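New to this model and curious about the words people use for it? Let's go through some of them together, one question at a time.

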Amino acid sequence: MPLLELNEVTIRFGGLIAVDSVDLVIEKGEILSLIGPNGAGKSTVFNLVTGIYPPTAGTITYKEQRLNGKKSYHINRLGIARTFQNIRLFPELPVLDNVKVGRHCRSKASVFGALLRTPAVKAEEKAIEQKALECLELMGLDHKKDEAAKNLPYGEQRRLEIARAMASDPELLLLDEPAAGMNSTEKKVLVEKITSIRDMGLTVFLVEHDMKFVMGISDRVAVLDYGRKIADGSPTEVQKNPDVIAAYLGKEVV
Amino acid sequence: MGLLDGLLPAYYESILITVGIYIILALGLNLITGVTGQLNLGHAAYMCIGAYTSAIMSMHYGMPFIVAILAGGLLAAAFGVVIGYPTLRLTGDYLAICTLGFGEILKSVLYNVPAVGGAMGLAGIPPKTTLTIVFIVMIIVIISMVRVESSRFGRALVAIREDEIAAECNGINATKYKLQMFSLGCFIAGIGGALWAHKIMVLQPRDFGFLKSIEILNMVVLGGLGSIPGTILGATVLTSIPEILRFSSEYRMLLYGALLVAMMIFRPHGLMGGVSFNSIAKRGMRWLKPGDKPDDKPGQKGMGG
Amino acid sequence: MLSNLLVQLINGIALGSTYALIALGYTMVYGIILLINFAHGEIFMAGAFVGLMLVTVFKVHIIFAFLGAMLFCMIMGVIIEKIAYKPLRRSTRLAALISAIGVSIFLSNLANLVFGAKPTTFPPTEEILFKIQTYELIAGAQITNLQILTIVTSAVLMVCLQYFIKKSRIGKAMRATSQDYDTAALMGVNVNRIISYTFAIGSSLAAAGGVLVGIYFGVVKYNMGFMVGLKAFTAAVLGGIGSIPGAMFGGLLLGIGEMLAVALGLSSYRDAIAFGILILVLLIKPTGLFGTQIQKKV
């Protein structure tokens with residue numbers, strides 16, 4: 001039984017078909033990368049899985065539950081966490097609080113609990129802080145915990161997004177262009193972090209642009225072009241696939 | 001009870017009561033607009049509901065003051081839910097217009113309902129609001145707000161303000177939280193209104209119009225949207241200064257208008273943007289422990305964004 | 001009953017055509033910088049006062065007073081944008097909206113200080129314009145020459161605007177900017193200038209509406225902009241904010257609806273009804289009658 005399964009998933013925006021009956025399977029414990037030229041619909045796939053857009057057709061199944069029509073916050077609670085291509089942190093909040101927000105779906109104090117500050121609520125707050133610190137440590141950001149998120153450099157903001165996603169104890173982690181805008185040293189650190197996340201038992205699904213990065217880290221690669229899946233296989237297979245080469249380099253004139 | 005009453009000359013006691021009530025009202029609005037970022041241009045409407053409800057409770061049903069206050073708060077909160085449920089799905093400026101529209105509708109209904117006095121208003125409300133009561137309620141509201149701010153609920157609200165989609169993807173049911181926060185803010189406004197009714201003793205619909213909402217908004221904006229100490233400062237300054245300087249109301253509103261523009265341009269995060277009681281406490285600890293270097297400056301982190 | 005209804009229908013068209021004039025300013029500004037220009041109602045009020053001053057103090061002919069008010073508000077609108085909105089173009093929409101509310105409060109209270117809280121009356125129509133005459137229409141309906149003038153003037157201005165937006169270079173640049181601000185800027189449109197033009201045109205139309213309303217009702221007051229402004233905004237939302245034909249249509253619809261409420265004996269609730277319509281439209285079809293769906297960007 002795959003962890004996540006997309007079955008003929010399609011979404012239309014007016015006349016544009018952004019994702020065109022895509023089938024995709026993610027097995028537990030693997031690192032799957034979704035690649036493709038700009039505008040191929042990669043981020044849209046993430047937005048479909050996380051409930052930001054409802055699919056026009058097709059089904060998305062996660063651990064035998066249909067995700068179609070479920071709200072983003074519900075999907076997060078089921079064990080899927082994500083980052084965004086154009087970093088979406090809570091800029092005015094301190095780094096630590098950003099990660100604490102990520103823990104939201106695994107905690108339950110209500111407004112009244114917060115007002116009365118019962119021992120249970122206090123204990124939960126402590127546990128949230130503990131978890132947030134662990135996640136920051138994992139991503140190497142614990143020394144920046146009191147800074148406002150907006151003041152972090154770009155690469156650290158990307159890592160902070162991953163830390164925030166990790167705080168919800170996800171089983172499936174969606175990373176949208178995690179290496180974008182990073183230099184080669186930062187990328188190297190990132191590869192280590194993602195591998196260690198996988199070694200913790202998580203499944204990683206990532207969208208990337210950087211071929212070298214993708215080929216080095218992925219167990220499997222799927223390729224999207226104009227909303228359609230044109231290839232799916234091991235990194236070496238995909239690299240040799242003539243359709244993929246055509247999509248990236250442009251078709252030869254016959 | 002009554003520890004604080006009669007210690008000061010009546011005039012200053014009256015100013016302090018007014019300041020206290022506005023701090024309560026402004027903290028309710030700060031929760032809605034400052035913390036969660038949902039611009040509410042009809043805060044006075046919920047104050048109005050609390051004021052009328054409590055006044056009727058006291059006058060017609062002879063209820064104890066505490067019951068009248070709570071009834072005012074609860075009915076305001078109920079209206080908050082009824083109005084908030086459909087409108088909070090709207091984005092920023094449309095929500096603002098809806099809240100404004102509701103305020104004006106309420107005013108026009110009150111004008112036309114003889115049972116609550118119509119345009120003449122309600123008169124003869126017993127003067128039960130004392131400085132002690134206002135002070136106690138204010139302290140409870142401040143503590144509650146500080147607790148909410150530092151809870152998972154409070155963080156969720158700020159997350160919604162900063163980026164609603166990211167908040168939803170991090171497990172936050174934004175619609176539910178916005179509604180809870182809105183009704184809590186309205187509850188506080190209702191309580192403020194109840195205290196107000198039993199201070200001024202006469203209620204007229206026109207006292208709860210758009211300009212009253214703007215007056216309260218100004219306090220939050222001056223102090224710093226989202227900052228509890230800032231809101232307290234803003235409410236104190238804007239209530240007491242015009243009172244002491246005896247500004248006529250035209251000049252005061254002229255000043256308020258200019259102030260809103262100037263604050264947005266030059267200091268969008270207010271006088272104390274980003275300052276919370278927690279950050280003040282942390283700073284205080286550093287002063288007490290001279291070994292630590294004060295490496296961050298909480299007073300400046302909210303600037304310029 | 002029928003004749004009363006018809007009378008109110010015509011009253012509604014006359015009132016609605018002034019709402020439409022003012023609604024255009026809201027819709028144009030919103031279309032370009034996504035700001036509810038709260039101060040627009042006060043520009044309308046200023047237009048009415050300037051027209052009145054020109055007629056009574058400076059003894060100018062009403063036509064020149066009309067044009068003078070338009071010119072004054074044109075400049076005023078541009079200055080307001082430069083002072084209160086331009087510095088906030090890159091900050092949050094909440095900040096810009098609060099600033100707009102500030103301008104609105106400031107201007108209405110300034111008018112209160114300058115002109116007083118009591119309504120100021122316009123000179124009688126026959127002194128400045130013509131003697132009011134009533135014409136009989138079918139089924140007992142009546143229309144006055146003043147109503148005809150109001151409707152015709154509004155219609156002429158709106159046709160001119162439509163022509164300008166569709167045909168002129170600036171009009172095309174305006175449409176481009178409202179569709180995609182950043183791309184228009186990249187394509188060499190001077191966005192700052194386009195925004196100034198938008199404020200200039202919108203404000204002058206509001207001033208025209210102000211003078212027409214002043215003559216029509218015979219009084220002007222410092223706080224007249226608030227209610228009329230909100231109703232015009234309602235009209236813009238009703239038609240679909242950002243859409244120019246929508247604003248015209250929404251204005252007429254709101255004016256007629258309001259007058260029908262009066263005909264049905266609900267005159268003390270007319271403001272509440274206008275707001276009720278606004279809230280319902282926002283909840284049921286926030287894009288209005290002519291608006292287009294905007295896809296949320298992630």
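What follows is a set of questions and answers on a predicted model.

Q: Why is the pair Lys100(A) and Glu129(A) called a salt bridge?
A: The closest N and O atoms of Lys100(A) and Glu129(A) are 3.4 Å apart. The limit for a salt bridge between a Lys nitrogen and a Glu carboxyl oxygen is 4 Å, so this pair qualifies. As a general background, side chains of opposite charge can pair when their charged atoms come close.

Q: What does the pair of Lys100(A) and Glu129(A) tie together?
A: Lys100(A) belongs to helix H3 (residues 95–102) of chain A and Glu129(A) to helix H5 (residues 119–138) of chain A, so the salt bridge links parts that are 29 residues apart in sequence. Over all chains, the structure holds 27 salt bridges.

Q: How many salt bridges does the rule find across the interface of chain C and chain B?
A: Zero. The count of residue pairs in polar contact between chain C and chain B, with both at pLDDT 80 or more, is zero as well.

Q: What makes chain C and chain B partners in contact?
A: With contact meaning heavy atoms within 4.5 Å, 41 residues of chain C touch 34 residues of chain B. About 3,400 Å² is buried between chain C and chain B, and carbon and sulfur atoms give 82% of that area. On the chain C side, Ile98(C), Ile105(C) and Leu113(C) lose the most area to chain B, together 17% of what that side buries.

Q: Which helices of chain C each supply at least two residues of the side that touches chain B?
A: They are helix H3 (62–85), helix H4 (93–115), helix H10 (224–239) and helix H12 (270–284) of chain C. H4(C) gives the most, with 15 residues. By kind, the residues of this side of chain C divide into 32 nonpolar, six polar and three charged.

Q: How do you know that E1(A) and E2(A) pair?
A: Pairing asks for at least two bridges, and seven join strand E1 (residues 4–13) of chain A to E2(A), so the two strands count as paired. They run antiparallel. Within this pair, Arg12(A) has Ile17(A) in E2(A) as its bridge partner.

Q: How do you know that E4(A) and E5(A) pair?
A: Two bridges join E4(A) to E5(A), and at least two are needed, so this pair meets the rule. Tyr62(A) stands opposite Gln65(A) in E5(A). E4(A) and E5(A) form a hairpin with two residues between them, and Lys63(A) in the turn has a positive phi of about 50°.

Q: What makes E2(A) and E5(A) edge strands?
A: Strand E2 (16–26) and strand E5 (65–66) of chain A each pair on one side only. They belong to an open sheet of four strands in the order E2-E1-E4-E5 (chain A), with antiparallel pairing. Helix H1 (residues 42–49) of chain A lies across E1, E2 and strand E4 (57–62) of chain A, at about 110° to E1(A).

Q: What is the order of strands in the open sheet of six strands?
A: The order is E6-E7-E8-E3-E9-E10 (chain A), with mixed pairing. Its edge strands are strand E6 (80–82) and strand E10 (228–233) of chain A. Neighbouring strands of this sheet are turned by 20° against each other on average, direction ignored.

Key
Residues are numbered from 1 along each chain as its sequence is written. Chains are lettered from A and ligands numbered from 1 in the order in which they are written. This is a predicted model: local features need pLDDT of at least 70, side-chain atom pairs count only at pLDDT 80 or more; totals for chains, interfaces and linings use all residues. Side-chain values use heavy atoms; hydrogens and water are left out. Buried area is the accessible area (1.4 Å probe) that two parts lose on being put together, summed over both. A salt bridge is a side-chain nitrogen of Lys or Arg within 4 Å of a carboxyl oxygen of Asp or Glu. A polar contact is a pair of N or O atoms within 3.5 Å; within protein, one must be able to donate a hydrogen and the other to accept it, and residues adjacent in sequence count only if both atoms are side-chain atoms. Ala, Val, Leu, Ile, Met, Phe, Trp, Tyr, Cys and Pro count as nonpolar, Asp, Glu, Lys and Arg as charged, and the others, Gly among them, as polar. Axes are lines fitted to C-alpha atoms, for helices over the stretch in contact, and angles run from 0 to 180 degrees between N-to-C directions.
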